[in-house]
Amino acid sequence: MLPTENRLRRRQDFATAVKRGRRAGRPLLVVHLHREAAPDEGADRNSDSSPHVAEGLPSARAGFVVSKAVGPAVVRNAVKRRLRHLVRERLSRLPAGSLIVVRALPAAATASYPDLGHDLDAALRRLLRSEPAGSAPTGTGR
């Protein structure tokens, strides 16, 4: 389970990550990453999310989207648990204040845990080596 300070809960946070962030698509999942502005640039923006700020540095937060296209409730919940565990292990690699949304694709229902981890790692590598936020979002090209 993800700690409370690392969870995306508000619809607005999901929308920010998806609409303003960069995207990396893989066969099993799509990852959206939005990097927050530097603390001095966006100080007024973080005032409404004060529960997510620890000692002046906002922590990275993650959310998950697993639609009915992935499968019945039991399968969706299993995929979500796997993804939550995989992201928890990788939170330290994410920049402080970043928002990440992981959207499972239907193929994730039958994927193994190592395969999900491989796709997540590949997507994060691509997003973290790319230009900083503010550049145009990318497609799913490789």
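This note describes a predicted model of one protein chain, from its overall fold to two of its residues.

1. Overall architecture. The protein chain contains three helices and six strands. Along the sequence, these elements are arranged in the pattern α-β-β-β-β-β-α-β-α.

2. Contacts along the chain. Among the contacts in the protein chain with a separation of 6 or more, 79% are between residues 24 or more positions apart.

3. Burial and surface. The protein chain has 142 residues, and 40% of them are buried. Its accessible surface amounts to about 7900 Å², with 53% belonging to carbon and sulfur atoms.

4. Leu83. This residue is part of helix H2, which covers residues 73-90. Leu83 has a relative accessible area of 0% and therefore counts as buried, the cut-off being under 20%. Leaving aside residues up to four places away in sequence, Leu83 touches Leu29, Phe64, Val102, Ala104 and Leu116. One of these partners, Val102, is 19 residues from Leu83 in sequence, while the C-alpha atoms of Leu83 and Val102 are 7.9 Å apart in space.

5. Asp119. Helix H3, spanning residues 113-129, contains Asp119. The relative accessible area of Asp119 is 6%, so this residue is also classed as buried. With residues up to four places away in sequence excluded, Asp119 touches Arg26, Pro27, Leu28 and Leu29.

6. A shared partner. Which residue is touched by both Leu83 and Asp119? Leu29 appears among the contacts of Leu83 and also among those of Asp119. Leu29 thus touches one residue of helix H2, Leu83, and one of helix H3, Asp119.

Conventions:
Residues are numbered from 1 along each chain as its sequence is written. This is a predicted model: local features need pLDDT of at least 70, side-chain atom pairs count only at pLDDT 80 or more; totals for chains, interfaces and linings use all residues. Side-chain values use heavy atoms; hydrogens and water are left out. Helices (H or I, at least four residues) and strands (E, at least two) are DSSP runs, numbered from the N terminus. Buried means under 20% relative accessible area, exposed over 50%, partly exposed in between (1.4 Å probe, protein chains only). Contact means heavy atoms within 4.5 Å. Accessible areas come from the Shrake-Rupley method with a 1.4 Å probe; for residues, only the protein chains shown count as cover.
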